[in-house]
Amino acid sequence: MCLALPMQVVYVEGRSARCAVSGVEREVSLFLLEEEDVAVGDFVLVHVGYAIQKLDPREARATWELVGRMLAAGEDA
């Protein structure tokens, strides 16, 4: 199963970015978004080290709320 997660851009240098979520930071390639203007503060959907889509901040938050509910449900099982 493949999973992409929203992360917030904290630093951009060329076609690379440092992205963070929940205190975890990762280097992310912006190669697949070369037609997009990605800036610090933007949210991107990250899959295996590549940003594959820019996200609206509301979409990013909604996704993390859903992930949180799924994790909580798994702990109750």
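**A walk through the chain**

Gly 41 has its place in the loop that lies between β3 and β4, the second of these covering residues 43–47. Names of this kind refer to DSSP runs, numbered from the N terminus, in which a helix (H or I) has at least four residues and a strand (E) at least two. The model is a predicted one, in which local features need a pLDDT of at least 70 and side-chain atom pairs count only at pLDDT 80 or more, while totals for chains, interfaces and linings use all residues. Residues are numbered from 1 along each chain as its sequence is written, and side-chain values rest on heavy atoms, with hydrogens and water left out.

Gly 41 is partly exposed, since its relative accessible area is 32%; on this scale, which uses a 1.4 Å probe and protein chains only, buried means under 20%, exposed means over 50%, and partly exposed is what falls in between. Although Gly 41 and Val 10 are 31 residues apart along the chain, their C-alpha atoms are separated by 6.2 Å. Leaving aside neighbours within four places in sequence, Gly 41 is in contact with Gln 8 and Val 9, where contact means heavy atoms within 4.5 Å.

Seen as a whole, the chain contains one helix and five strands, and reading along the sequence gives the pattern β-β-β-β-β-α. Its C-alpha atoms fill a box of roughly 45 × 25 × 20 Å, taken along the principal axes. Of the 77 residues of the chain, 26% count as buried. The accessible surface comes to about 5400 Å², and 55% of it belongs to carbon and sulfur atoms; such areas are computed by the Shrake-Rupley method with a 1.4 Å probe, and for residues only the protein chains shown count as cover. Among contacts between residues at least 6 apart in sequence, 33% join residues at least 24 apart.

Strand β3, which runs over residues 24–29, includes Ser 29. Ser 29 is buried because its relative accessible area is 18%, and its side chain reaches the backbone nitrogen of Phe 31 at 3.1 Å. This is a polar contact, that is, a pair of N or O atoms within 3.5 Å, of which, within protein, one must be able to donate a hydrogen and the other to accept it, residues adjacent in sequence counting only if both atoms are side-chain atoms. Apart from neighbours within four places in sequence, Ser 29 is in contact with Arg 15, Gly 49, Tyr 50 and Ala 51.

Further along, strand β4 holds Leu 45, which is buried because its relative accessible area is 16%. Not counting residues up to four places away in sequence, Leu 45 touches several residues, among them Ala 4, Leu 5, Pro 6, Ile 52 and Gln 53. Gln 53 itself is found in strand β5 and counts as partly exposed, because its relative accessibility is 38%. With the same residues up to four places away set aside, Gln 53 touches Leu 33, Phe 43, Val 44 and Leu 45. The C-alpha atoms of Gln 53 and Phe 43, which are 10 residues apart along the chain, are separated by 8.7 Å.

Two of the loops hold residues whose backbone angle deserves a look. Most residues other than glycine have a negative phi. Ser 22, in the loop between β2 (16–21) and β3, nevertheless has a positive phi near 50 degrees, and Val 48, in the loop between β4 and β5 (50–55), has a positive phi of about 40 degrees. Ser 22 counts as exposed because its relative accessibility is 68%, and Val 48 counts as exposed because its value is 67%.

The helix α1 takes up residues 57–76, and because an expected span is 1.5 Å times one less than the number of residues, its 20 residues should span 28 Å, which agrees with the 29 Å between its end C-alpha atoms. Asp 56 caps the N-terminal end of α1, with a side-chain oxygen 2.7 Å from the backbone nitrogen of Arg 58. The C-alpha atoms of Ala 60 and Leu 45, 15 residues apart along the chain, are separated by 8.2 Å. Leu 66 also lies in α1 and is partly exposed, because its relative accessible area is 42%; from C-alpha to C-alpha it is 28 Å from Phe 31, a residue 35 places away in sequence.
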